[in-house]
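Subject: Structure handover

Hi,

Here is the structure I promised to pass on. Please open it first, then read the notes below alongside it.

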Amino acid sequence: MDTEQRVVGPGGAKDENTGREFWEHGLRAARDRVVMDFERRYLTWLVSRAGGNMSRAAQIARVDRTTVYRLMEKHGLRRETILSSST
């Protein structure tokens with residue numbers, strides 16, 4: 001058996017700063033990166049789907065409206081930007 005086998009990770013995504021693949025940073029760092037990416041994509045989809053109505057977005061996500069606002073701020077997302085890019 002070849003001891004130099006390359007383990008292929010999910011998607012082969014590279015860290016923009018180090019050029020290392022994400023899973024090479026350890027479990028926590030890789031998981032945090034995946035969660036951050038998911039949150040950004042989900043919020044973008046969510047706000048777009050709700051037509052910018054944050055109360056409706058919260059209903060769709062089944063969370064409190066303040067949670068949606070907190071996550072939007074965490075990721076530096078603005079409802080206006082999401083809506084303008086989805087048209």
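Let me start in a loop. Asn53 sits between α1 and α2. Asn53 is partly exposed, at a relative accessible area of 40%. Its C-alpha atom lies 8.8 Å from that of Arg79, although the two residues are 26 apart along the chain. Keep in mind throughout that this is a predicted model.

**Overall layout**

The protein chain has four helices and zero strands. Along the sequence the pattern reads α-α-α-α. There are 87 residues in the protein chain, and 24% of them count as buried. Take the contacts between residues at least 6 apart in sequence: 37% of these join residues at least 24 apart.

**α1 against α2**

The loop that holds Asn53 links two helices that also pack on each other. The angle between α1 and α2 is about 120°, and their axes are 8 Å apart. The pair is therefore oblique. An angle of that kind falls outside the bands for roughly parallel (under 35 degrees), roughly perpendicular (65 to 115) and roughly antiparallel (over 145). The crossing of α1 past α2 is right-handed.

Which residues make this contact? From α1 come Tyr42, Trp45, Leu46, Val47 and Arg49. From α2 come Met54, Ala57, Ile60 and Ala61. By class, the contact of α1 with α2 has eight nonpolar residues, no polar ones and one charged.

**The loop after α2**

Arg62 is placed in the loop between α2 and α3. Its phi is near 60°, a positive value in a residue other than glycine. Is Arg62 buried or exposed? Arg62 has 78% relative accessibility, so it counts as exposed.

**α1 against α3**

α1 (residues 27-49) also packs on α3 (residues 65-74). The angle here is about 120°, with the axes 10 Å apart. α1 and α3 are therefore oblique to each other. This time α1 passes in a left-handed crossing.

On the α1 side, the contact uses Met36, Glu39, Leu43, Leu46 and Val47. On the α3 side, it uses Val68, Leu71, Met72 and Lys74. Sorted by class, that gives seven nonpolar residues, no polar ones and two charged. Leu46 and Val47 appear in the contact with α2 and again in the contact with α3.

**The two sides of α3**

Which residues of α3 are buried? They are Val68, Leu71 and Met72. These three span an arc of only 105° around the axis, so they lie on the same side of α3. Their cover includes α1, α2 (54-61) and α4 (79-85). On the other side of α3, Thr66 and Glu73 are exposed. Val68, Leu71 and Met72 are also among the α3 residues that meet α1.

**Met36 and His75**

Two residues deserve a separate look.

Met36 is found in α1. With 35% relative accessibility, Met36 counts as partly exposed. The C-alpha atoms of Met36 and Leu71 are separated by 9.9 Å, and the residues are 35 apart along the chain. Leaving out residues up to four places away in sequence, Met36 touches Lys74 and His75.

His75 lies in the loop between α3 and α4. Is His75 buried or exposed? His75 has a relative accessible area of 8%, so it is buried. Beyond its neighbours within four places in sequence, His75 is in contact with Met36, Glu39, Arg40 and Leu43. Of these, Met36, Glu39 and Leu43 also take part in the contact of α1 with α3.

Just after α3 there is one more backbone point: Gly76 takes a positive phi of about 65°.

**Where to look**

For a quick tour, follow α1. Go to Tyr42, Trp45 and Arg49 for part of its contact with α2. Go to Met36 and Glu39 for part of its contact with α3. Then turn α3 to see the buried Val68, Leu71 and Met72, with Thr66 and Glu73 exposed on the other side. Finish at His75, buried in its loop at 8%.

Best wishes

Technical notes:
Residues are numbered from 1 along each chain as its sequence is written. This is a predicted model: local features need pLDDT of at least 70, side-chain atom pairs count only at pLDDT 80 or more; totals for chains, interfaces and linings use all residues. Side-chain values use heavy atoms; hydrogens and water are left out. Axes are lines fitted to C-alpha atoms, for helices over the stretch in contact, and angles run from 0 to 180 degrees between N-to-C directions. A crossing is left-handed if the near helix is turned anticlockwise from the far one by less than a right angle, and right-handed if clockwise. Contact means heavy atoms within 4.5 Å. Ala, Val, Leu, Ile, Met, Phe, Trp, Tyr, Cys and Pro count as nonpolar, Asp, Glu, Lys and Arg as charged, and the others, Gly among them, as polar. Buried means under 20% relative accessible area, exposed over 50%, partly exposed in between (1.4 Å probe, protein chains only). The arc is that of the directions from the helix axis to the C-beta atoms.
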